[in-house]
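Let's take a walk through this one together. Have the model open and follow along from the overall layout down to single residues.

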Amino acid sequence: MKKNIGKQKITKEKNKTEQHCGFIGLIGRPNVGKSTLLNQLVGQKVSITAHKAQTTRNRILGIRTDQNTQIVFIDTPGIHHAEKLLNRKIVAYATETLRDTDLNLWVVEPLLETSLKKGGLSVLHPEDQQILKMLTGKEKQTVLVLNKIDTILQQQALVSIAKLAKLGDFAEIVPVSALKSTNVDHLVETLKNYLSVHPFYFENHQVTDVSERFLASEFVREELFMRLQQEIPYSVAVVVEQFEEDHKCIKIACNICVERNSQKGIIIGKKGEMLKKIGIAARKKIERLLGNKVHLALHVKVLKQWSHNAKHLRNLGFN
Ligand SMILES: Nc1nc2c(ncn2[C@@H]2O[C@H](COP(=O)(O)OP(=O)(O)OP(=O)(O)O)[C@@H](O)[C@H]2O)c(=O)[nH]1
Ligand SMILES: [Mg+2]
């Protein structure tokens, strides 16, 4: 009898210390809130967000470690019909991610009111229909996340969930508001059931795998995305040319690459006002990230048709 009690204790201790991990992809069409959700899931801004579509251009890891569990979330660019070479590359980052993960979160927005009267696949946006096709037939499980529930009534959320549930064999359907952080903790607890026993892939304190240098360039791009109109946000790339720390501050210099001279003029603005505003706002964000005083210098450079050019794209890190 004594022996058995001893055995039980050992098993319990082992379960407590056994580590559980998993790679979980955030997949969805542009602007549904994947990056906002990633930032909430890891409790820190590691991926930039904007009200415009196609903000994210890379695969961005966000790591959440709680006691004996570690979830590695992978934020991806929104899947859309892509014509430009840049867009074809970023969509490929998203579709390739589907293969590398243990589980995928398909993030969708609430169904439009006009769609609530429809049935079947037609309730979905065409881009979501394409994503659903990619997700079905795979051995991997999909958790459907209905985001932005703060924008609809509970009844509408229930009808959306009922319609979406009929479209596939989802492991779970979880409604959340990434913006208001509603139900995000419940989502995390649900996802913990899908992890496997494996030693942690990353250090306990690590929140992302992207460098401070990359995040600095992204914070500048976020300001460009928020402040510029029409095609300009889609014609900019930001490259860090200098990132040096001295005893007083961190000196960062970035090139903002645009495709045409006219775009350069708009970004600089009258008497340099626009570039100055972008620089001040981005510097504040970078200072918060680095916990240090930052000197940020921005230069605008024309790189003709970079988003269509394979060599320029390679040089800008889109491999
Ligand atoms: N009301 C509301 N807005 C949200 C919510 N989540 C995200 N948003 C907003 O939706 C917009 C797009 O958010 P992102 O996180 O950049 O979307 P994304 O899916 O990463 O977009 P891409 O990177 O372009 O694919 C931003 O303006 C967010 O503030 C939410 O739960 N509720
Ligand atoms: Mg994004």
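**From the ends to the core**

Start at the N terminus: over residues 1–8 the pLDDT stays under 50, and the model gives that stretch zero contacts beyond four places in sequence. This is a predicted model, after all, so it pays to look at confidence before anything else. Elsewhere the picture is brighter, with a mean pLDDT of 93 for the chain and 95% of its residues at 70 or more.

Now zoom out. The chain carries eleven helices and ten strands. Its radius of gyration is 22 Å, close to the 20 Å that the globule rule gives for 319 residues, so the chain is as compact as a globular protein of that length. If you line the C-alpha trace up along its principal axes, it spans about 80 × 55 × 35 Å. Buried residues account for 34% of the 319 in the chain. As for how the contacts are spread, take those between residues at least 6 apart in sequence: 68% of them join residues at least 24 apart.

Next, the division into domains. Domain 1 covers 2–197 and domain 2 covers 212–315. Their centres, taken over C-alpha atoms, sit 30 Å apart. Where the two meet, nine residues of domain 1 are in contact with twelve residues of domain 2. The domain 1 side of that meeting place is made up of four nonpolar, two polar and three charged residues.

Then there's the ligand. What surrounds ligand 1? A shell of 24 residues does, and the closest are Gly33, Ser35, Thr56, Gly78 and Leu179. By class, the shell splits into seven nonpolar, 14 polar and three charged residues.

Ser35 is a handy way into helix α2, which spans 34–42, since Ser35 is one of the buried residues of that helix. In fact α2 is mostly covered, with nine of its nine residues buried. Lys34, Thr36, Asn39 and Gln40 are among them, alongside residues such as Leu37, Leu38, Leu41 and Val42. What do these buried residues pack against? Their partners are β1 (20–27), β2, β3 (69–75), β4 (103–108) and α7 (184–192). Just after the helix comes Gly43, which has a positive phi, near 75 degrees.

Keep going along the chain and you reach Thr55, in the loop between α2 and β2 (60–66). Is Thr55 buried or exposed? It counts as buried because it has 22 C-beta neighbours inside 10 Å, and the cut-off for buried is 20 or more. Setting aside neighbours within four places in sequence, Thr55 is in contact with Ser35, Ile48, Thr49, Ala50 and Phe225. Ser35 you've already met as one of the residues closest to ligand 1. There is also a long-range pairing to look at: the C-alpha atoms of Thr55 and Glu222 are separated by 7.9 Å, although their positions lie 167 residues apart along the chain.

Two backbone oddities come next. Most residues other than glycine have a negative phi. Lys148 goes the other way, with a positive phi of about 65 degrees. You'll find Lys148 in the loop between β5 (141–146) and α6, where it is buried, with 20 other C-beta atoms within 10 Å. Gln305 also has a positive phi, about 55 degrees, without being a glycine. Its loop runs between β10 (294–302) and α11 (310–315). Gln305 is partly exposed, with 13 other C-beta atoms within 10 Å.

Finish with helix α6 (residues 154–165), where Gln156 lies. Gln154 belongs to α6 too. How do these two glutamines stand in terms of burial? Gln154 counts as exposed because it has 9 C-beta neighbours inside 10 Å, whereas Gln156, with 15, counts as partly exposed. Distances along the chain and through space are worth setting side by side here. Gln156 and Pro110 are 46 residues apart in sequence, with their C-alpha atoms 8.0 Å from each other. Gln154 and Tyr201 are 47 residues apart in sequence, and their C-alpha atoms are separated by 39 Å.

Definitions and conventions: Residues are numbered from 1 along each chain as its sequence is written. Chains are lettered from A and ligands numbered from 1 in the order in which they are written. This is a predicted model: local features need pLDDT of at least 70, side-chain atom pairs count only at pLDDT 80 or more; totals for chains, interfaces and linings use all residues. A residue is near a molecule or strand if its C-beta atom, placed from the backbone, lies within 6 Å of it. Ala, Val, Leu, Ile, Met, Phe, Trp, Tyr, Cys and Pro count as nonpolar, Asp, Glu, Lys and Arg as charged, and the others, Gly among them, as polar. Domain bounds come from an automatic or database domain assignment. Two residues are in contact if their C-beta atoms, placed from the backbone, lie within 7 Å. Helices (H or I, at least four residues) and strands (E, at least two) are DSSP runs, numbered from the N terminus. The radius of gyration is taken over C-alpha atoms; the globule rule is 2.2 Å times the number of residues to the power 0.38. A residue is buried if 20 or more other C-beta atoms lie within 10 Å of its own, exposed if 12 or fewer, and partly exposed in between; C-beta atoms are placed from the backbone. pLDDT is the predictor's confidence in each residue, from 0 to 100.
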